[in-house]
Amino acid sequence: MSNYHVKTLEEYFQVYRKSVRNPELFWEEIAEEHFVWRKKWDTVLDYDFEKTEFKWFEGAKLNITENCIDRHLHIRGDKTAILFEPNNPKEEAQHISYKELHKRVCKFANVLKDHGIKKGDRVCIYLPMIPELAISVLACARIGAVHSVVFAGFSSTALATRINDCEAKMVITSDGSYRGAKTIDLKSIVDEALEDCPSIENVLVAKRINSDIQLKEGRDKWLAPLLEEAYQDCVPEIMDAEDPLFILYTSGSTGSPKGMLHTTAGYMVYTAYTFKNVFNYKENDVYWCTADIGWITGHSYIVYGPLANGATTVMFEGVPSYPDFGRFWEIVEKHNINQFYTAPTAIRALAKENLEFVDSHNLSSVKVLGTVGEPINEEAWHWYNDNVGKKKSPIVDTWWQTETGGIMISPLPYITPTKPTYATLPLPGIQIALMDENGKEVKGNQVDGRLCIKYPWPSMARTIWGNHQRYKETYFSAFDDMYFTGDGALRDEVGYYRITGRVDDVIIVSGHNLGTAPIEDAINEHPAVAESAIVGFPHEVKGNALYGYVILKETGEVRNQDNLRKEINQIITEHIGPIAKLDKIQFTEGVPKTRSGKIMRRILRKIAHNELDNLGDVSTLLNPEVVQNIIDNRL
Ligand code: WT7
């Protein structure tokens with residue numbers, strides 16, 4: 001029996017039991033056998049829920065890029081590591097071999113060093129899905145710099161907030177990006193952000209769209225000539241197991257974005273292990289995850305997990321709808337994709353189009369389908385299963401979070417019988433608890449509760465950058481001695497888990513995690529707005545869309561409502577990005593509040609969902625009279 005690759009359901013249960021009985025031995029065996037270490041650890045795990053300190057493989061020394069690149073050079077040097085599929089299907093795909101990747105990462109690492117970047121420095125990467133994105137991530141890891149990738153759909157304000165929070169020294173960006181038929185001027189977004197970012201010393205600019213942009217003297221440099229001149233080997237920085245690898249920002253229900261910090265050894269072991277098992281990855285498979293590297297899915301399952309296994313990982317620059325809705329399936333056919341991993345929102349969008357877009361392509365290479373980011377509804381699950389998987393490829397519905405670093409609950413393909421909308425069983429090493437509101441564990445089957453994890457796992461985020469107190473409060477204060485995910489879940493009669501959604505004020509729109517508070521803060525900046533409240537409501541494609549209740553400073557009839565709506569969405573776009581725009585905006589004289597002044601979102605949520613029969617007792621509200629008015633004017 002191999003711990004590293006589980007092959008039958010019986011073996012899964014055995015491995016799982018072993019991982020619970022002796023977690024340290026379980027992870028130690030995996031770490032021993034499947035990675036290269038400069039020095040092995042002294043202790044496998046050292047943790048303290050009270051202090052919220054978690055240390056895996058302490059004493060070990062390694063560099064993650066040696067595991068993701070160098071060790072493959074002898075056996076698979078000419079194998080494609082990264083397969084780049086451009087936005088425009090007429091542009092040729094690029095096959096970057098492990099040898100080539102090694103050279104390009106080393107050169108990039110040397111350019112970083114030449115610009116004063118040292119171990120521990122933060123580097124902000126704001127790039128579209130082009131090879132330079134994966135290469136710059138790995139180049140940072142090569143020299144021990146901490147990367148902070150910011151999704152290139154975020155606005156200049158959002159970018160500036162993230163740069164300032166971690167005091168990044170450098171930004172890596174491009175002259176622009178392609179997105180379907182559009183081009184986006186990324187560099188000017190960076191310029192705008194940097195008006196307010198004192199820590200930035202240099203900006204390295206990749207050329208992608210050949211636009212005519214201005215470089216700022218002394219600060220900005222074109223990347224290509226620097227890479228051209230750089231030396232093609234770079235000795236990896238030897239890191240401690242718990243040295244920071246990267247920061248990735250995620251929205252909280254309140255306050256500023258949280259810079260989740262992931263460290264080196266545990267993250268590597270866990271993402272590699274889960275990639276191998278959840279996708280049933282075999283040598284020579286071609287694997288494609290459609291996410292952007294700007295999200296955790298891309299970090300763990302486009303870059304680190306696949307490369308640690310010596311896989312071929314596809315990077316797609318474009319969108320599912322360009323040049324038409326058949327693009328995903330055209331790529332699957334063209335590159336003979338074996339594992340295809342995408343989000344429910346993409347599935348729902350494609351399911352609305354003509355089936356011809358799918359049926360005109362040969363998808364017989366597909367062995368495993370995956371989904372991630374939000375609960376998948378039954379209809380979308382069946383569409384995916386019937387039309388893409390032809391009822392032959394198992395769907396792995398993978399539940400996890402930016403904070404967990406890797407997949408936590410998921411079927412193992414060809415092993416765990418799947419069940420639509422169920423993420424099924426925890427992976428080995430993951431100990432789940434469902435908790436009730438009084439802090440008691442809900443045992444047994446056919447129950448629901450708040451989803452918690454009661455034992456540390458190697459890839460858990462170790463802190464929120466610069467704010468350990470907030471880390472403790474957000475994840476470890478709801479229940480004693482366990483991590484609280486913020487999700488609700490139910491466990492069925494056989495012990496399968498179904499994630500029912502967030503139990504806090506985070507709303508998942510098209511798979512993007514959005515906190516209500518930052519959006520409300522943005523809206524409130526509009527000079528005419530006094531106050532606002534955001535809730536989610538069901539949306540056919542996006543899963544959830546945003547409904548805003550807006551109170552204006554001036555009372556009375558609202559003139560120019562449509563203009564105001566546009567302006568509000570414009571402000572949101574500037575502060576956060578277009579993904580956070582509101583689908584519905586209702587102007588109202590007030591929102592229901594508790595006596596202590598807290599907005600009763602539960603009531604607003606029900607009205608937005610059009611569930612009016614069961615609003616609950618409103619009599620204890622500070623202002624019960626507003627409720628009927630909101631109902632009468634609902635959109
Ligand atoms: C939240 C985390 C993990 C990468 C992408 C999202 C929701 C994620 C599932 C799933 C139901 C899911 C949860 C979670 N979520 N996967 N398979 N089924 N819900 O990462 O932005 O950190 O969001 O996404 O609510 O808490 P993230």
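This is a short selection-by-selection tour of a predicted model, starting at the ligand and moving out to two sheets.

**Stop 1: the ligand and its shell**

Select the ligand and bring up what surrounds it: you should have 17 residues, with D397, T398, T402, D487 and R502 the closest. Colour that shell by class and you get seven nonpolar, six polar and four charged residues.

Now look at individual atoms. Pick D397 first: one of its polar side-chain atoms sits 2.7 Å from a ligand nitrogen. For R502, go to an oxygen of the ligand instead, where a polar side-chain atom of the arginine is 2.8 Å away. Then show the backbone of G373, which has a polar atom 3.1 Å from a ligand nitrogen. Switch on a surface here if you like: on its own the ligand has 560 Å² of accessible area, and the protein covers 95% of it.

Which elements each supply at least two residues of this shell? Select α11 (296-308), β20 (395-398) and β25 (497-502). Keep β20 highlighted, as it leads to the next stop.

**Stop 2: the seven-stranded sheet**

From β20, step through the open sheet, which reads β5-β4-β17-β16-β18-β19-β20 and has mixed pairing. The strand you came in on, β20, is an edge, and β5 (94-97) is the other; each pairs on one side only. Look along the sheet for the twist, which averages 20° from one strand to the next.

Zoom in on β18 (339-342) and β19 (368-372): these two run parallel and are joined by four bridges. To find one pairing, select T342 and its bridge partner in β19, T371.

Next, add helix α6 (131-143). The helix lies across β4 (80-85), β5 and β17 (312-316), and runs at about 125° to β17.

**Stop 3: the eight-stranded sheet**

Hide all that and select the other open sheet, in the order β12-β11-β8-β6-β7-β14-β15-β23; its eight strands also show mixed pairing. Which strands form its edges? Go to β12 (220-222) and β23 (463-464), each of which pairs on one side only.

At the β23 end, β15 (258-263) is its antiparallel partner, over two bridges. Show M260 and you will find I464 of β23 opposite.

Last, select helix α8 (186-194), which packs on this sheet and touches β8 (170-174), β11 (202-206) and β12. Compare directions and α8 makes about 155° with β8.

Terms used. Residues are numbered from 1 along each chain as its sequence is written. This is a predicted model: local features need pLDDT of at least 70, side-chain atom pairs count only at pLDDT 80 or more; totals for chains, interfaces and linings use all residues. Side-chain values use heavy atoms; hydrogens and water are left out. A residue is near a molecule or strand if one of its heavy atoms lies within 4 Å of it. A polar contact is a pair of N or O atoms within 3.5 Å; within protein, one must be able to donate a hydrogen and the other to accept it, and residues adjacent in sequence count only if both atoms are side-chain atoms. Accessible areas come from the Shrake-Rupley method with a 1.4 Å probe; for residues, only the protein chains shown count as cover. Ala, Val, Leu, Ile, Met, Phe, Trp, Tyr, Cys and Pro count as nonpolar, Asp, Glu, Lys and Arg as charged, and the others, Gly among them, as polar. Two strands pair if DSSP finds at least two bridges between them. Axes are lines fitted to C-alpha atoms, for helices over the stretch in contact, and angles run from 0 to 180 degrees between N-to-C directions. Contact means heavy atoms within 4.5 Å.
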